Amino acid sequence: MLKKIPALLALILFFQIASAQSLDTLFQSKEDLLLDLSKQKEVNSLEFQFFLPDSILSQKWIDSSDLNLQAVNGGFLTKTFEDWSKYDSLQSVFSQANSIFLLYGEPTNYEGVISYLNTLYATGDFLPVSFQEQSNESLILAAVKSIYEPYDTLSSWLVFDWKLIWVLVILSLFLILALGLILALVIFKARRNQREELRKAYDKDIIDPLTTILFTNSLEELKEMKPEELKEIFPAQLFPKPLFKEVLIERIIGLNKKMKGEFKGKLKELYKKLDLIKITEKNLKSKKWSYVTTGLVQVNEMDLSELLPEVKKHTNSNNFHVRSSAGATLLNLSQEADLSFLKNQDYPLSDWQQMNYLRIIKYVHPTKKLMIHELFQSPNESVRIFAIKLVAFLGRFDLIEQIKILVPSAQRNEKIEILQTYLTLGAHMESEFINANITSEDEDVQKMAIKVAGKIGDEASEKILFQLLEETSDRGIRLLILESLKELNEVAFESYIQEHSNPENLQMREQLVDPLLQNV
Amino acid sequence: MYNFLFYLLIDVFGVIFMILSFSVVTLYLLIMILSALEMRDFRRKNRFADYQDIITSPIAPGVSILAPAFNEESNIVQNVKSLLALHYGKFEVVIINDGSKDQTLNRLIEAFELKKTSFFYQSQIETAPVRGVYRSENKSFRRLWVIDKENGGKADALNAGINISTMEILACIDVDCILASDSITRMVRPFMEETNKKVVAVGGAIGIANNCDVKDGTVTKYRVPKSRIGKFQVVEYCRAFLMGRMAWSRINGLMLISGAFGFFKKDLVMAVGGYFPKTVGEDMELVVRLRRYLEERDIPYRVAFVPDPLCWTEVPEDEKVLGRQRNRWMRGTIETLQLHNKVGYNSRFRVLGLVSYPFWSIFEKMGPILEISGLIYTLILLLIGDFSAVYFFSLILMIYFLSLLVSAFSILYEQIAYNNYKDKNDLRSLIRTILLEPLFIHPKVVLWGLKGHIDFIAGRGGWGKMIRAGFKTAEDRKNLDTQSTTS
């Protein structure tokens, strides 16, 4: 591309030279010039008049007011004419008279006129008619020259140049938008800073009265107190403010997380008596997902079980965060924790949700009756897989039989999870399922089955593994098989290596016996 | 006739440049809006996320951190220690010594009591020969793997790490990056939130560590770099990570995840044959190939982005080094777009084919050429006397304002979202950089990009003839390796 630039410049220069043309060459004679001028009609500051010698003068001309003759030495001068289109007709009338060119009112000759027109041509104020009558090519050149406009009409040019107006409008819009956006962000940041400052100030106003009332009043006393009495402990002018209440809720929730026993009861009582529960209810009914989730978190943290019917409405929400929080709240607060909301879940259960539910389930399962087996009937595969995981994580050996019901119709991910659960629970009696999957066509299922067989397989597993070892050439699978065989029957493993002591098998053995690579 | 054609071309180019200018303006305004929406949503969602559970949860995925090292003897031990100290339950650190000529390997062996193992290395993805796999006898370093291999470049080293990794998520990073202690927990969240769409990769934002205080592997005090080049990169990184990537993430159009800090699903990376070692843009190429693989199979997927400041890196403050880096980035972009030209303007690939690819082709790849062409066009207009100063300066002003707007927005964005640069002097310094960048730094960036094009055409740092034709499918990279191995 860079190499082409000189060529491009040369091309441009050529066009420039080719298009340059002087008026000297264009007007070959005075007649050509007069012909062009007559077509121009008027040329700025260029006029003409006639000198009528005494010898040709007639009384008719002297009497004519149109000519406005003035006596000069040896004859008369006509008035000056601006309209060159009249030149020919006048010349035919004054056939023997001399025409005189006037430039700025002063007589000049043919060369003087040409020089003047050249100047006008260079500035774009004069364009010979012959140029206009040439080809399109010249028209383009002609179009390059802008039409002369006196300074005093500049204002109208600005108004009527639509392109320029468009540019200015777009530029202005852009500027306004840019400034508007920046201004909005600056205001946003300022407001946020102000809000943060307010939060800090409110927090200071809250913490002292709150801790005083918690430590000086018993739960019964708090229950007997009227809401108005409780509200009085906070600054009266601040309490109605939404931000103050928001900080108050956060502070109460924060304390509730840290405290135990009666204090939790006191905080919950305060939460209700201060009408903060109404804010929670309002949040739960909001159309914005973030408000609903905030409400659900408040219900969960403050154990507001009276709001559970409202919470249940959100368990199948199309918003991930809403249904996750609703599920977590239900698990935490409902008396039965029967997991029925999960069973009927339309949406796939993500690992994130499973992680949160597992944490709660681990916490509540010693006290609440969990109906995990109900989840095996769920039409949602991810829910069934979660149920299988729960069996392993909670050590529910009693549910192994229930899992078996799933086996005939289990999908690949379910099979992997069942195998993993058998491994975790040490379910030796399920070797039939394990062995059947050692030869699975799905590589991931097969790998998991081989791994599990090594830990809880039986003699049949050993046979299948040896058979597979003979058949497969996949190094990854072979290494896994050897590892499992080593765990199942180390003697048989060593004898196999001795019998098949090729470099690859020896290398694999080296890895499997290397203490640095155990449990890899 | 020639005269006519010349002026016709001038007119046509005039219209093209006008359309391009307004497209740039429109696109950047769109990017600003989309990124603002995405950032708002991200922050809202973050309010309800409890990251504590992930560290110990058995459901959380395992992560293999892959960090190639080449001649890193001075900092390698400290860097590995900070990686091993990350807060996460199930992870391993795989350091790949890519044929270092210095004492990198010995420093690692000494510091972490490493011993060569009998690991049976399997090249599921073809790599340069592996000389040894090291592990420590000390239980404190049980998470550490060190691979010693012959030099093959960053992509090749990462492939060796992928071959040896045992976890389901791959975290591909630069070994000299500083990671926040909670970086893994935050980066795995999008993978764990996956429901209907497979999350194939997660990109992270990179911060600039120059002139910052670092304690225990974390940036404790932010300061902007002292040099103008460094400050420029702060603005540029804010633009790229907080605006650009967030906007692309909004429409699921991300085509690039920084090679310094990116997380991937291992099974998918293996399915497409790992990194492509013959391109200098291996990070972008892998993302495009993964996306292409899933699009070709009609599998719903998502490439996510986490804008939290979790990874910091030192950026070049020397113009020559920065120029080389930009040159490499440009070549990487050209190579990737060329390899995957089947994707471009192809409705089968939806957002990737109709939005992301054309954007990268026109504005990222062709950007420097278009800018230089615009300059030449202006010079031609000046020469032929058809130059309108009013329109020209209006356009220049508009582009300048756009640059100011976008940069100022990204800095304010950082201030609102994270507020890392708290010092007012730092902010003033960044604002000065924003004002001067279009005049003094941007032209250099354009020239470096142009040099990247020239180097690509000249074959400097490029690849062989066969590959230039592009991959027919996303899996072609595997076939290519087979061909090169057998031939």
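These exercises work through a predicted model of two chains, A and B.

Residues are numbered from 1 along each chain as its sequence is written, and chains are lettered from A in the order in which they are written. Local features need pLDDT of at least 70, side-chain atom pairs count only at pLDDT 80 or more, totals for chains, interfaces and linings use all residues, and side-chain values use heavy atoms, with hydrogens and water left out.

**Exercise 1. Helix α4 of chain B**

Find which residues of helix α4 (residues 104-112) of chain B are buried, and where they lie around the helix.

Solution.
- Step 1. Take helices as DSSP runs of H or I with at least four residues, and strands as runs of E with at least two, numbered from the N terminus.
- Step 2. Apply the cut-offs: buried is under 20% relative accessible area, exposed is over 50%, and partly exposed is in between (1.4 Å probe, protein chains only).
- Step 3. B:Thr104, B:Leu105, B:Leu108 and B:Phe112 are buried.
- Step 4. Look down the axis of α4(B). The buried residues fall within an arc of 100°, so they line one face of the helix. The arc is taken from the directions from the helix axis to the C-beta atoms.
- Step 5. Recall the geometry: an α-helix has 3.6 residues a turn, so residues three or four places apart point the same way.
- Step 6. List the partners, with contact meaning heavy atoms within 4.5 Å. The buried residues of α4(B) pack against α3 (76-84) and the strands β1 (63-69), β2 (91-98), β3 (114-116), β4 (130-136) and β5 (144-149) of chain B.

**Exercise 2. Positive phi in chain B**

Place B:Glu113 and B:Asn211, and state how accessible they are.

Solution.
- Step 1. B:Glu113 comes just after α4(B), in the loop between α4 and β3. Its phi is positive, about 50°, although B:Glu113 is not a glycine.
- Step 2. Its relative accessibility is 40%, so B:Glu113 counts as partly exposed.
- Step 3. B:Asn211 is not a glycine either, yet has a positive phi of about 70°. Its loop runs between β8 (198-208) and β9 (213-215) of chain B.
- Step 4. B:Asn211 is also partly exposed, at 29% relative accessibility.

**Exercise 3. The interface of chains A and B**

Describe the interface by its residues, its buried area and its polar pairs.

Solution.
- Step 1. Count residues: 59 of chain A are in contact with 60 of chain B.
- Step 2. Take the area. About 5600 Å² is buried, and carbon and sulfur atoms give 76% of that. Buried area is the accessible area (1.4 Å probe) that two parts lose on being put together, summed over both.
- Step 3. Search for salt bridges, a side-chain nitrogen of Lys or Arg within 4 Å of a carboxyl oxygen of Asp or Glu. The rule finds one across the interface. B:Asp53 pairs with A:Arg359, with the closest N and O atoms 2.3 Å apart.
- Step 4. Name the main contributor in chain A. Helix α10 (residues 162-216) gives the most to the side that touches chain B, with 16 residues.

**Exercise 4. A buried aspartate**

Is B:Asp156 buried or exposed, and what does it touch?

Solution.
- Step 1. B:Asp156 sits in helix α5 (residues 154-164) of chain B.
- Step 2. At 6% relative accessibility, B:Asp156 is buried.
- Step 3. Leave out residues up to four places away in sequence. B:Asp156 then touches B:Glu126, B:Thr127, B:Ala128, B:Lys149 and B:Pro277.

Methods. A polar contact is a pair of N or O atoms within 3.5 Å; within protein, one must be able to donate a hydrogen and the other to accept it, and residues adjacent in sequence count only if both atoms are side-chain atoms.
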